[in-house]
Each structure stands twice: as structure tokens, then as C-alpha cells.
Amino acid sequence: MSEELVNKQLSRLNGLMHPDRTRIALEKVDPEHAPEKLGALAGVGYRSRNPDIQVSVYVFSSWSKHQSVSEKLKEECAEDGVHVVTATNGPMLFFGHTRIDGPGGIDARFALGDIVSAFSGDE
Amino acid sequence: MPSRTSKTPTSKPRSPNPEKAAPTVQESMQESLPENMTGQLKSSQVLQLQRLIGNKAVGRLMKDRTVQRESHGKGCNCANCSSVQRTVDTRRVADIRRVDKQEADVQTTRIQRGFLDDVMVFFGVKTAEEVRQEGLAPLDKTKWNKTVADDSLMKDIAGKISVKDFIEASQAVKPLLKTLLDLAFKYWSSISLSDLEPVLNAATSDEKTAVCSDEKLLTKAEGALGKDPYLTFITRIGMNQPPTTTELGEGGKEHTAPAKADEIIRDKMSAYVTEAVKKGRKIEGQVGIVAGADWDRAGVAHYGDQVWHRATPTPKKNAINGFVDGSGRVWVERNSGNPGTVIHEGLHKYSDGAVLSTLGFNTNEGMTEYFTRLICADLGITRGNYTNNHDLITALVTTVTTKEVIASSYFDGKVDDLKAAFIKYRKDTKGNTEELAGQIWDAFVSNMKSGAWAKASKCINDDLDSDKLAAL
């Protein structure tokens with residue numbers, strides 16, 4: 001995939017992750033994993049402090065890379081009380097997690113749901 | 001576009017290219033002109049005359065002699081005129097036999113050009129099928145190939161018969177869809193989608209794919225059909241552009257083809273979509289998986305230029321993977337979404353619509369996504385779309401009622417059954433009165449509509465009395 005197309009996806013990602021769509025303010029940070037370690041071409045991280053939610057989005061060269069990377073990331077994060085979500089949108093892979101075992105767990109779960117829904121795009 | 005009923009007989013010379021072995025008109029007349037041409041002639045006899053002695057000659061004949069038109073004029077298409085009756089004087093026929101050599105040669109050429117000419121000249125009142133039924137020479141591959149290769153002849157034909165008749169006539173040789181559309185869009189400037197319906201319906205998927213990949217042809221199609229019909233045309237030919245990646249042809253790692261989506265939905269949802277299938281619901285033929293200009297055309301047509309390109313904070317085109325437009329056409333962007341996108345949109349097509357109209361957008365999307373993910377889980381497709389909507393419908397299925405009740409409300413419109421199940425659940429497991437249970441249902445619907453997911457969840461899971469309900 002050309003640099004131009006990667007940039008196009010990242011530009012699209014900016015729109016998808018706008019606070020008006022995610023319904024929560026997200027701070028841009030580094031992705032949890034370096035993109036090259038996952039075989040991705042690019043990556044962007046997002047963070048919410050309250051509730052505490054961490055999200056990484058990676059851009060791949062094709063849709064075929066998603067599944068194996070998604071399973072690997074889920075396994076790494078598997079822990080009681082942690083809610084992990086992965087999703088795809090075109091060549092982009094979403095990986096997000098939050099704790100749902102505290103008093104604000106239900107809110108954190110639905111907040112992460114809003115974020116992943118915004119990323120996934122309207123249909 | 002010229003009207004079929006406004007045609008005039010033609011005797012205009014064409015570029016001479018007679019087949020050498022063909023008989024002259026005079027020879028043909030000797031062989032086939034009936035001895036007795038007196039009395040009333042049927043249309044087939046008139047046509048035979050026309051073919052033998054030429055249009056001009058028949059025109060003179062018709063002008064000079066008695067023609068029983070009564071109340072029916074030239075071009076009349078009524079049942080009585082299906083066999084137009086004309087009186088011809090034998091002596092006049094004999095005069096006409098002395099047609100000069102030049103016109104004879106021209107007419108010989110014309111006769112050899114095939115029955116498309118016959119359609120053109122038959123006073124403009126006969127369809128190709130009617131002419132064919134009257135036993136005229138059928139179109140064959142040779143005549144077809146000669147005709148369509150002759151630019152001037154094609155222009156002449158386009159000026160004299162409708163594209164619909166041309167397409168109908170062409171079916172005698174069944175040309176490829178791309179070939180036929182190339183000709184139609186080249187020689188006819190204004191074409192209705194209904195003119196193309198028969199060939200679009202009959203075309204194979206390979207033929208449609210060939211059309212989809214011909215950008216020049218698609219440009220011509222837009223020009224000839226007009227903007228909105230062109231969009232329908234795109235869906236009718238099943239435009240399915242693969243994603244732009246470095247690894248093409250990955251198989252299963254791209255948008256699901258609409259026909260495949262129908263197959264999957266009908267298989268995986270077989271217990272629920274019987275009525276929907278009986279009603280003819282499907283997604284094939286209604287989807288365009290597109291990119292670039294076509295994606296913009298469809299988006300602007302549905303959302304308007306401002307919303308599509310410039311809405312803040314996010315232009316619609318950057319936030320959406322697919323949508324159903326006001327005409328029921330489904331549009332999917334080739335590099336967006338996932339292989340479940342077409343299945344999701346397909347399920348919308350199978351749904352009754354009552355959930356959307358009574359319970360609102362969010363619940364409707366939640367049910368669509370619930371069934372989408374049931375299907376996608378089997379196919380190894382991970383989706384994050386409408387996650388909260390999906391999770392709350394899942395809560396209804398696991399806590400309140402059954403998958404079957406959700407399915408009958410979604411696919412068959414039995415929303416009251418879902419409401420009844422919800423009220424029964426609240427009464428039986430939470431001890432609510434009928435009245436309070438009804439109020440909690442209303443609150444659930446309302447919170448779903450506004451996207452207040454946590455409150456909607458509490459309507460399902462929490463012990464609620466009137467005060468707690470009011471405090472939600």
C-alpha cells in the first residue's frame with residue numbers, strides 16, 4: 001500500500017475518532033505496540049483518563065493481516081475484569097481495553113463501546 | 001431519441017457493399033413476387049413488396065393508389081392495424097417493376113444488410129418481434145457483425161429505431177452485455193434504464209463484471225442514462241470493486257459479494273427469513289461496492305454536497321462505510337468496513353422496518369448488528385460496529401426473551417410480541433406491576449433512542465420502582 005493510501009487512512013481515522021463521534025475526549029498518544037512489530041505500516045494511540053481506556057489503531061497493507069494480530073493482542077491482554085475489544089475498518093485494526101470490575105465499570109464498558117463503534121464507521 | 005411511431009420509410013442509399021452472390025432485385029421479384037397482388041394486402045405482403053421494389057417505389061405506390069386508412073393513420077398501433085390492409089393495383093405493380101438499375105442495386109444491398117433494416121423501414125409501426133413473427137429473415141451472427149461494424153449504418157439505425165427495439169432485435173444473436181451496451185451508449189444519446197432491463201436481467205455475472213471494469217463504458221453510461229439512473233445501473237450490474245491493497249485476490253478478505261451475502265443470510269438465518277424471502281427481499285442487484293467518483297456520486301445524491309464533503313467535524317464520506325439511499329440502493333466503500341458490512345446492509349433489506357419506525361434507529365441497528373455478528377462469528381469476521389446497540393440487544397436475548405422473539409420483531413415486524421415479552425419478564429422476575437413494567441419498557445425504548453446505554457441497561461437488569469425509574 002502506498003504512503004498516499006496510508007495517509008488517506010490516517011486522515012480518515014482522524015474523522016472517525018473525533019469526540020463528536022466517540023462521545024468522549026481522547027488524547028493522542030503512542031500506540032501500545034510499535035506498528036512494525038505487528039507488521040503494520042502505521043499506528044496511532046488514544047487515551048482516556050476517566051474512565052481509563054487505552055486504544056491503539058494500526059494500518060496494515062491488507063485486510064488479511066487483521067485476524068492473527070487481533071488474536072495475539074487479545075491474548076496478551078486477557079485478564080479478569082479487563083474488557084478487550086478489537087475491530088476492523090478497511091485496512092485498519094482497532095485494539096482497545098478498559099477495566100470493568102470497579103464501580104464505574106459499566107460506564108467504562110459503554111464508553112469503550114462508543115469509541116469502537118465510532119472507529120468502525122457507520123453502516 | 002426518435003420515436004418509433006414517427007419513422008418514415010427509408011430508401012436512402014447506403015454505402016454500396018453488396019454480396020457478390022446475391023440476386024438482383026429483379027431476379028428476386030421474378031422468383032418471389034406473388035402473381036396476384038390485387039385486393040387487400042396484409043402487412044407481410046406489403047413488406048415483401050417493399051423489400052423487392054424498394055421504399056421509394058412502395059411510397060409512390062401508396063401515395064398514388066387507394067389506401068384504406070379509414071380512421072387509422074400511418075403509425076397507428078392499434079389491434080386492428082396489426083395487419084394493415086391496403087389495396088394495390090396490379091398494373092401499378094407492373095409499372096414499379098421497371099424500377100431503374102441503380103435503385104435496384106441499392107435495395108439489394110439494403111436487403112442483405114439484415115432485418116434491422118426491415119425493422120427500420122416497416123412504416124415505423126412494427127416491433128422487431130412482430131416483424132420476426134411475420135417470417136422475415138432472422139438476424140444471424142454474420143448480419144449482426146456486419147451491421148454493428150458499419151458506423152454509418154449504425155448511425156442510420158439509431159436515427160430510425162429506438163434503442164429498446166435495437167436491443168430486442170439483438171437478442172436473436174445474444175451479443176455480450178458489454179458489446180451491446182457499447183453500441184447502445186455510442187449510438188443512442190438518451191437511454192432509459194428500462195430499455196436495458198431485459199439484457200441486464202439476462203446477463204451472466206461474468207458479463208456484468210466485464211462492464212464494471214470498463215471505465216470508459218461507465219462514463220458513457222452516465223452520460224446516456226443521467227445521474228440517478230446511472231447509480232441504479234451501477235447496482236444492477238453488481239459493481240463490486242476490490243479493496244486497494246498490496247495483496248489482491250486474498251479471497252474472503254474483502255467485501256462479501258452481494259449474491260454471497262444473500263446465500264449466507266438465507267442459510268444462517270433460515271429459521272427467521274422465510275417470510276422475508278417469500279416477499280422477495282434480497283440484496284443482490286441493489287448494491288454498489290464502489291470507490292472514488294461513484295462513491296461521491298452516490299453520497300452527494302443522498303446526503304447532499306455539504307454533508308458529504310464539508311460537514312464538521314467529520315465529512316460524512318469519511319465516517320461511513322456504507323449506507324442505504326432513498327431509493328433503497330446500498331452503497332459500500334471498497335476500502336472501508338469489513339466483510340460483514342454487506343451482510344449488515346443485507347440484513348437491513350430482509351428486515352420488516354417496524355422496529356425502525358417504532359423503536360428507533362439505535363434499536364434497529366442493534367438488532368441488525370446482533371444478527372450480523374451471529375453470522376460473522378461463524379465466518380471469522382470481527383466487528384466493532386454498533387457495539388453498545390449490539391450488546392443491549394444481546395442482553396434482551398439472554399435476559400429478557402429469546403432470539404426467536406427478537407427475530408420475529410426484526411424480520412416480521414412483530415414488535416408487540418417483544419414488548420409483551422419485556423413486560424412479562426419485568427413482572428415475573430422483578431415483581432413489577434403491569435403498569436410499571438410498561439413504563440420501564442417505554443423508558444428502555446426512550447433511552448435506546450437517545451443512546452443512553454447505561455440507563456437502557458438498567459431498564460433490563462436493575463430492580464426498579466417508580467422512584468428509581470424516575471431517577472434514571
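**Exercise 1. Find where B:Pro313 lies in this predicted model, then describe the peptide bond leading into it.**

*Solution.* Start with the place: B:Pro313 sits in the loop between α19 (305-310) and α20 of chain B. Next, look at the bond from B:Thr312 to B:Pro313: that peptide bond is cis, with omega near 5 degrees. Now turn to chain A, where A:Asn50 and A:Pro51 are also joined by a cis peptide bond, with omega about 0 degrees. A:Pro51 belongs to the loop between β2 (42-48) and β3 (53-59) of chain A. To put this in context, most peptide bonds are trans.

**Exercise 2. Locate A:Arg23 and state the sign of its phi.**

*Solution.* First, go to the loop between α2 (19-22) and β1 (27-29) of chain A, where A:Arg23 lies. Then read the backbone angle: phi of A:Arg23 is near 65 degrees, a positive value in a residue other than glycine. As a reminder, most residues other than glycine have a negative phi.

**Exercise 3. Describe how chain B and chain A meet.**

*Solution.* Begin with the residues: 42 from chain B and 34 from chain A take part in the contact. Then take the area, about 3,100 Å² buried between the two chains, with carbon and sulfur atoms giving 48% of that area. Now count the pairings: three salt bridges link chain B and chain A. One pairs A:Glu123 with B:Arg383, whose closest N and O atoms are 2.8 Å apart. There are also 22 residue pairs in polar contact between the chains. Finally, sort the chain B side by class: nine nonpolar, 23 polar and 10 charged residues touch chain A. On that side, α24(B) gives the largest share, four residues.

**Exercise 4. Work out how α16 and α21 of chain B pack together.**

*Solution.* Take the geometry first: the axes of α16 (residues 258-268) and α21(B) come within 9 Å and cross at roughly 65 degrees. The crossing is right-handed. Next, pick out the partners: residues of α16(B) including B:Ala261, B:Ile264 and B:Ile265 meet residues of α21(B), among them B:Val342, B:Ile343 and B:Leu347. Last, class the residues of this contact: eight are nonpolar, one is polar and two are charged.

**Exercise 5. Explain why B:Lys178 and B:Asp182 are about one helical turn apart.**

*Solution.* Both residues are in helix α11 (residues 177-187) of chain B, and because they are four residues apart there, about one helical turn separates them. Now check the side chains: B:Lys178 and B:Asp182 meet in a salt bridge, 3.3 Å from N to O. Over all chains, the count comes to 31 salt bridges.

How values were computed: Residues numbered from 1 in each chain as written. Chains lettered and ligands numbered in written order. Predicted model: local features only at pLDDT ≥ 70, side-chain atom pairs only at ≥ 80, totals over all residues. Heavy atoms only, no water. Contact = heavy atoms within 4.5 Å. Buried area = accessible area lost by both parts, 1.4 Å probe. Salt bridge = Lys/Arg side-chain N within 4 Å of Asp/Glu carboxyl O. Polar contact = N/O pair within 3.5 Å; in protein donor to acceptor, adjacent residues only side chain to side chain. Helix = DSSP H or I, 4+ residues; strand = E, 2+ residues; numbered from the N terminus. Nonpolar A, V, L, I, M, F, W, Y, C, P; charged D, E, K, R; others polar. Axes fitted to C-alpha atoms, helices over the stretch in contact; angles between N-to-C directions. Left-handed = near helix turned anticlockwise from the far one by under 90°.
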